[in-house]
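Biologist: Before we talk about this chain, I would like each label we use to be justified by the value behind it. Could you put the structure up and take my questions in turn?

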Amino acid sequence: MEYDIIVIGGSANGAQAALSAVKQGVSVAVIEEHPSIGMPEHCSGLFSYWGLHEIDNMPPDDIIFNNKIYGSRIIAPNGKVLTVRKDKIHAIVCDRAAYDAYTMKKALDAGITLYQPYRAVTAVREDDRVNITIRSKDEELQISARMIISAEGIRATIANQLGLQGPPKNEFVNAAQFYMYGLNNMDPELVEVYQYQKYAEDFFAWVIPMDKYSAKVGLGTKKKYASKQLENMIKEHPVLRERCEGAEIRRRTAGRIPTTGPVKRTYADNLLLTGDVAGQTKPTTGGGVILGGMAAQIAGTVAADAIKQNNTSARFLKRYQKQWKKKMSRNLKMMRLVRKYMNVLSDKEIDTLFSKMDSKGILDDIEKYGHVDDQATIVKKFMFTWKLYPFYLRTSGRLLKSIFTQ
Ligand SMILES: Cc1cc2nc3c(=O)[nH]c(=O)nc-3n(C[C@H](O)[C@H](O)[C@H](O)COP(=O)(O)OP(=O)(O)OC[C@H]3O[C@@H](n4cnc5c(N)ncnc54)[C@H](O)[C@@H]3O)c2cc1C
């Protein structure tokens with residue numbers, strides 16, 4: 001059982017990497033430990049419309065669209081609401097498990113081999129190949145390849161064994177999400193983003209409508225027990241409480257989100273990292289399917305090139321990092337800065353910031369330049385918004401401190 005490329009992880013980004021590699025005519029195997037692709041679900045499935053086109057993976061309406069989103073309500077700790085609405089579809093809400101299965105089906109149709117449910121337990125380099133031991137409930141197998149693409153998410157077991165690090169574990173945000181039914185006064189075209197350090201410390205809470213009455217209600221936090229924090233926030237936050245009053249929680253999911261931006265090195269001899277394991281996740285929103293998907297496509301192509309050119313050295317594979325950085329590094333750096341800034345603000349300061357942002361000019365800018373995947377443009381706009389300068393002057397000292405003490 002020898003392959004040109006083995007991809008560890010059969011979620012969205014693993015499937016994308018495998019698909020773009022197999023299209024180049026090389027042999028590809030994917031190892032996925034769970035019996036069902038995309039399960040257990042650990043995502044809200046909110047993807048930008050632009051991004052899905054960019055990675056050429058727009059799923060068909062009839063399979064997995066839950067809803068179409070045109071804008072957002074951003075809600076301050078004191079309940080003040082800023083509404084931004086666009087006239088075009090901005091994002092879609094997907095069933096994430098179905099999205100992963102759809103992507104994997106494309107890879108299977110293109111000719112990959114899927115080992116499922118098998119966990120990759122060890123990886124050892126030997127004579128320019130990597131031998132992988134994979135295990136299911138009933139058996140253990142040895143498979144090998146010249147190239148490994150790790151798309152294994154934040155656990156990074158195989159990446160570590162082959163000498164690369166995933167994102168720092170002490171920096172993950174804990175996330176919990178409830179599927180809620182019977183919500184009140186929702187606009188199904190708008191997602192809601194709640195800033196509230198008290199419970200959603202160093203992140204935020206969200207309501208992502210699936211239709212007029214049901215939504216994925218979630219929260220990310222640096223605190224422990226995200227699910228408990230979400231329950232408390234639903235009880236206490238003035239707007240969220242009203243939204244959820246009388247609604248039923250039918251399902252609960254949880255996960256962890258890296259928010260520190262990309263890891264330093266995403267390549268080594270015979271190895272590339274892509275997706276969450278590479279920290280290609282937006283530090284502001286925690287979204288990792290579009291940027292991760294873009295990087296995964298590059299990883300698949302570069303890995304296939306390495307096979308064709310008979311060169312799987314780190315020196316050759318460095319081009320992967322160059323290429324994905326060229327596409328998204330500037331944006332990820334900006335997002336990291338914004339995340340750090342938001343993290344140093346108290347709830348009171350966020351209330352003040354919201355009151356200053358509530359002016360036609362600023363909201364128009366957000367409407368015009370706001371973009372889930374390209375956030376650098378709107379951040380630059382904010383940097384040059386004089387009305388916010390007194391606020392920046394009062395608070396930016398702590399931002400600088402947090403940057404330099406890291
Ligand atoms: C609550 C929550 C909500 C989110 N909402 C959004 C959102 O709306 N939009 C968005 O873009 N992103 C969202 N994200 C982030 C998104 O889920 C991740 O960025 C994305 O799943 C990363 O994909 P991945 O393929 O890199 O890793 P993962 O999705 O983590 O997949 C890794 C896969 O590898 C498998 N695996 C790991 N180790 C092994 C092994 N040794 N052997 C075999 N298989 C292995 C795992 O079982 C898993 O299937 C959210 C995250 C959370 C926690």
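**The open sheet and its edges**

Modeller: In this predicted model, an open sheet of 7 strands runs in the order E6-E5-E13-E14-E15-E12-E16, and its pairing is mixed. Strand E6 (81–85) and strand E16 (248–258) stand at the edges, since each has a single partner strand, so one side of each is left without a neighbour in the sheet. Neighbouring strands of this sheet are turned by 15 degrees against each other on average, direction ignored.

Biologist: How do you know that E5 is paired with E6, and in which direction do the two run?

Modeller: Two strands pair if at least two bridges are found between them, and 5 bridges join strand E5 (residues 71–75) to E6, so the criterion is met, with the strands running antiparallel. Within this pair, Gly 71 stands opposite Arg 85 in E6. The two strands form a hairpin with 5 residues between them, and Gly 79 in the turn has a positive phi of about 100 degrees.

Biologist: What makes the pairing of this sheet mixed?

Modeller: E5 is joined to E13 by 5 bridges, and these strands run parallel, with Arg 73 standing opposite Glu 192 in E13. Strand E13 (residues 190–194) and strand E14 (residues 205–209), by contrast, run antiparallel and are joined by 3 bridges; here Tyr 194 stands opposite Ala 205 in E14. Parallel pairing and antiparallel pairing thus both occur in the sheet, which is described as mixed.

Biologist: Why is Gly 292 called buried?

Modeller: The label requires 20 or more other C-beta atoms within 10 Å, and Gly 292 has 31 of them, so it counts as buried. Gly 292 lies in helix H8 (residues 290–308), and leaving aside residues up to four places away in sequence, it touches Ala 12, Asn 13, Thr 274, Gly 275, Asp 276, Gln 280 and Thr 281. The C-alpha atoms of Gly 292 and Ile 55 are separated by 9.8 Å, although these residues are 237 residues apart along the chain.

Biologist: What makes you say that H1 is largely enclosed by the rest of the structure?

Modeller: Of the 11 residues of H1, 11 are buried, so the description follows from the count. Among them are Ala 12 and Asn 13, both of which are touched by Gly 292. The buried residues of H1 pack against strand E1 (2–8), strand E2 (28–31), helix H4 (96–110), strand E11 (140–150) and H8.

Biologist: How do you know that the ligand's shell lies between domain 1 and domain 2?

Modeller: Domain 1 (2–43 + 97–168 + 263–328) and domain 2 (69–89 + 170–258) both give residues to the shell around the ligand, so it lies between them. The largest share, 3 residues, comes from H1, and of the 39 residues around the ligand, Gly 9, Gly 153, Gly 255, Gly 275 and Gly 288 come nearest. By class, the shell has 13 nonpolar, 20 polar and 6 charged residues.

Biologist: How many residues of each domain are in contact across the two?

Modeller: Contact requires C-beta atoms within 7 Å, and 10 residues of domain 1 are in contact with 10 residues of domain 2. By class, the side of domain 1 that touches domain 2 has 4 nonpolar, 4 polar and 2 charged residues. The centres of the two domains, taken over C-alpha atoms, are separated by 31 Å.

Conventions:
Residues numbered from 1 in each chain as written. Predicted model: local features only at pLDDT ≥ 70, side-chain atom pairs only at ≥ 80, totals over all residues. Helix = DSSP H or I, 4+ residues; strand = E, 2+ residues; numbered from the N terminus. Buried ≥ 20, exposed ≤ 12 C-beta atoms within 10 Å, placed from the backbone. Axes fitted to C-alpha atoms, helices over the stretch in contact; angles between N-to-C directions. Near = placed C-beta within 6 Å. Nonpolar A, V, L, I, M, F, W, Y, C, P; charged D, E, K, R; others polar. Domains from an automatic or database assignment.
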